[in-house]
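Please look through the structure below with some care, and then follow the questions and answers that come after it.

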Amino acid sequence: MTNKYIAYYDSPIGKIRITADEESITTLYFILEMDGIELEPMLINEPLEKCLEQLDLYFKGELREFDLKLNPSGTEFQKKVWKEVLKIPYGKTKSYLELSQMLGNEKSIRAVARANGENKIAIIIPCHRVVGSDKSLTGYAAGIWRKKWLLDHEAAIVSNERQLSLF
């Protein structure tokens, strides 16, 4: 039996619940409704400690790429989609169509969108970087406003770095 480790992170856009097994992060999602939800006691192991540290750096604008072992549960197709999502650079976006094309079948756009929506490790598997073909912010389980915040956060860091490199 695998032990279940749990931690919480108070981000600027809401409380995040993170779970891990002995070696890797298994889920990371925003707690959407606090009313009536009893938080489980935290039981932190090394993967969670590392995740909490990296989340802190990400929200401070000091981390672009997470270096964490992940173990998301999903179908083989979902895992293929998530691997492609992991390739989307910090501060950039890809459309669902572009993601489908990256996977070799642009007709799979709906399946890709569904798989992206089933991502159980938000932020680290940056599903917030996937947008509509017209660059519209569509679909985000934690709310479009959080998706917008994450994209704006990353864009601001990239923009600040560009400005600094001009001097």
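Q: In which helix does asparagine 116 lie, and is asparagine 116 buried or exposed?
A: This is a predicted model, in which local features need pLDDT of at least 70, side-chain atom pairs count only at pLDDT 80 or more, and totals for chains, interfaces and linings use all residues. Residues are numbered from 1 along each chain as its sequence is written, and side-chain values use heavy atoms, leaving out hydrogens and water. Asparagine 116 lies in helix α4, where helices are DSSP runs of H or I with at least four residues and strands are runs of E with at least two, numbered from the N terminus. Its relative accessible area is 4%, and buried means under 20%, exposed over 50% and partly exposed in between (1.4 Å probe, protein chains only), so asparagine 116 is buried.

Q: Which kind of aromatic pair do tyrosine 9 and phenylalanine 59 form?
A: Rings of Phe, Tyr and Trp (its six-membered ring) pair if their centres lie within 6.5 Å, and planes under 30 degrees apart count as stacked, over 60 as edge-to-face and the rest as tilted. For tyrosine 9 and phenylalanine 59 the centres are 5.8 Å apart with 15 degrees between the planes, so the pair is stacked.

Q: Which parts does this pair tie together?
A: Tyrosine 9, which counts as buried at 11% relative accessibility, is paired with phenylalanine 59, which counts as buried at 10%. The pair ties together parts that are 50 residues apart in sequence, because tyrosine 9 lies in strand β1 and phenylalanine 59 in helix α1.
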